[in-house]
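Hi,

Here is the structure I promised to send over. Have a look at it first, and my notes follow underneath.

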Amino acid sequence: CTTTMKFTTATTAIAAALLAATSSEAFARPSLGTSSRSSSSPSSSGREVVNNYNDAILRSISRRGGGALNMSTVDEGVVAVVPTTVIEGMRPGTSGLRKKVEVWMGENYVENFIQSLIDTAVDANGGKMLDTIVVAGDGRYYNTEAIQTIARLLAANGIKNIWIPQSGIMSTPAVSAVIRRRTSDGTGNDGDGVAQGGIVLTASHNPGGPGEDFGIKYNEGLGQPAGEEFTETLYEKTLKLSKYKTLEKSEDIDLDAPAGTEYQLTPTSTVTIIDPYQNYLDALKSCFDFEGLKEFGAREGFSMVFDGMHGAGGPFAKRVLLEELGLPASSLMRCDPLSDFGGCHPDPNLTYASELVKKMGLLPDGGADPSVDDVSTIPALGAANDGDGDRNLIAGAGFFVTPSDSMALICDNWESIPQFASKGGLNGVARSMPSSAALDVVAEARGIPCFVTPTGWKFFGNL
């Protein structure tokens, strides 16, 4: 049943909808190099210096196009143990920890949470430090600064490989694709991935910007959201934390560097800027018939509109819908990520995607607009996704498809989707308790097991 989670992005839902239609006629730059290691000693600030790497050289390596090796000298970097005090209220909710951004910007807030997360992940890994971690966000306000802080903590704790997407922006499902697929050379099939987890900076569909929301959630080794046991252990550690490790006296990483650029943060820890799209695109191509979709999209009279709501899903829509499926640029709206989501609430529903709703010939309540005389002038398909690209809205010309109904449609048309057809069908489907029972009805009629969970991706992950 966990395969149903692959449809949580709007681009994936679009692909599923197109296939169904086709069958009937989705950065410290410090260190660096080799140098002397000092013995542990306390500093005047109370920080304990663990390692001192002097006369370091950063090897910034761009592999794109076989580019030449770029060398830059950087300032000395110091791994230090920093005393801290417990910060109350860090219990993750249904999908990570969300607070107002000013809370996250407070003294040691990110540091305390991430150190507790690292300690929890080490415990879950049998006491061994993790080897490879992905760090990415949805582009909201404070995304870049938090990534820099997190990279320093991960390096100071001894994580060898830190993968950060170019620009620091990646949708939540794309992070899961990297965890499940990416090997050391950047490629790989499902199940080949070497990353042991992913730190995702997002408050999902909540607004961003000063005075608005920020959040951090963790995906485990199968790309799934951290379960309750993990998040509760993390919370308990936040109540006992007295120190964290970080890398001091270090320059920021250039998050806009070409994919393949490496930053050697310590002699044993490297940040690699990775292609945000490739592993996710490979995952989609393993699920859907892209040639069939491209042919369908080129049909006379077909048009669609996708609303990225200025979130992380916008660039992925450009990559998939325009570059792969050949749809025109006019098919996209609000697909440039903005730190405040353009002042909008990035929740894909009838209220906050009102411009798309109007374009689809709908009233604010989702009913057909009686003033539209000719539905042939309306796009055949409309879609939107939220800030981190894992919830969607689907509409047709003059009608609204509720999220519950879209899942039921996918269930009823699984034969049209190569991922499921190649495996002989669905092992199961699932919905959260507040959603409608449309899925239950279809699943029963099709003889497919149906599960109902509490709200929250981590509960789907348990399946």
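Let me start with helix 13: the cover over its buried residues includes helix 11, strand 19 (429-432) and strand 20 (450-453). Keep in mind that this is a predicted model.

The buried residues in question are L439, V442 and A443, in a helix that runs over residues 438-446. If you look down the axis of helix 13, they fall within an arc of 100°, so they line one face of the helix. That fits the usual pattern: an α-helix has 3.6 residues a turn, so residues three or four places apart point the same way. Turn helix 13 round and, on the face away from the buried side, you'll find the exposed residues V441, E444 and A445. Right after helix 13 comes G447, and its phi is positive, near 70°.

Helix 11 (403-412) also leads into a loop that I looked at. N413 sits there, between helix 11 and helix 12 (418-421). Is N413 buried, exposed or partly exposed? Its relative accessibility is 25%, so it counts as partly exposed, since the buried class stops at under 20% and the exposed class begins at over 50%. From N413 to G425 it is 12 residues along the sequence, and 10.0 Å through space between the C-alpha atoms.

Now for the other end of my notes, a helix pair. Two packed helices are described by the angle between their axes and the distance between the axes. For helix 3 (residues 109-124) and helix 4 (residues 143-156), the axes come within 10 Å and cross at roughly 40°. The pair is therefore oblique, as an angle under 35 degrees would be needed to count as roughly parallel. The crossing of helix 3 past helix 4 is right-handed.

Which residues make the contact? On helix 3 they are V110, E111, I114, Q115 and I118, and on helix 4 they are T149, I150, L153 and L154. Sorted by class, this contact has 6 nonpolar, 2 polar and 1 charged residues.

One residue to click on there is T149, in helix 4. Its relative accessibility is 15%, so T149 counts as buried. Setting aside neighbours within four places in sequence, T149 is in contact with V110 and E111, and both of those belong to the helix 3 side of the contact.

That's what I have for now.

Cheers

Methods. Residues numbered from 1 in each chain as written. Predicted model: local features only at pLDDT ≥ 70, side-chain atom pairs only at ≥ 80, totals over all residues. Heavy atoms only, no water. Axes fitted to C-alpha atoms, helices over the stretch in contact; angles between N-to-C directions. Helix = DSSP H or I, 4+ residues; strand = E, 2+ residues; numbered from the N terminus. Parallel < 35°, antiparallel > 145°, perpendicular 65-115°, else oblique. Left-handed = near helix turned anticlockwise from the far one by under 90°. Contact = heavy atoms within 4.5 Å. Nonpolar A, V, L, I, M, F, W, Y, C, P; charged D, E, K, R; others polar. Buried < 20%, exposed > 50% of the residue type's maximum accessible area, 1.4 Å probe, protein only. Arc of directions from axis to C-beta.
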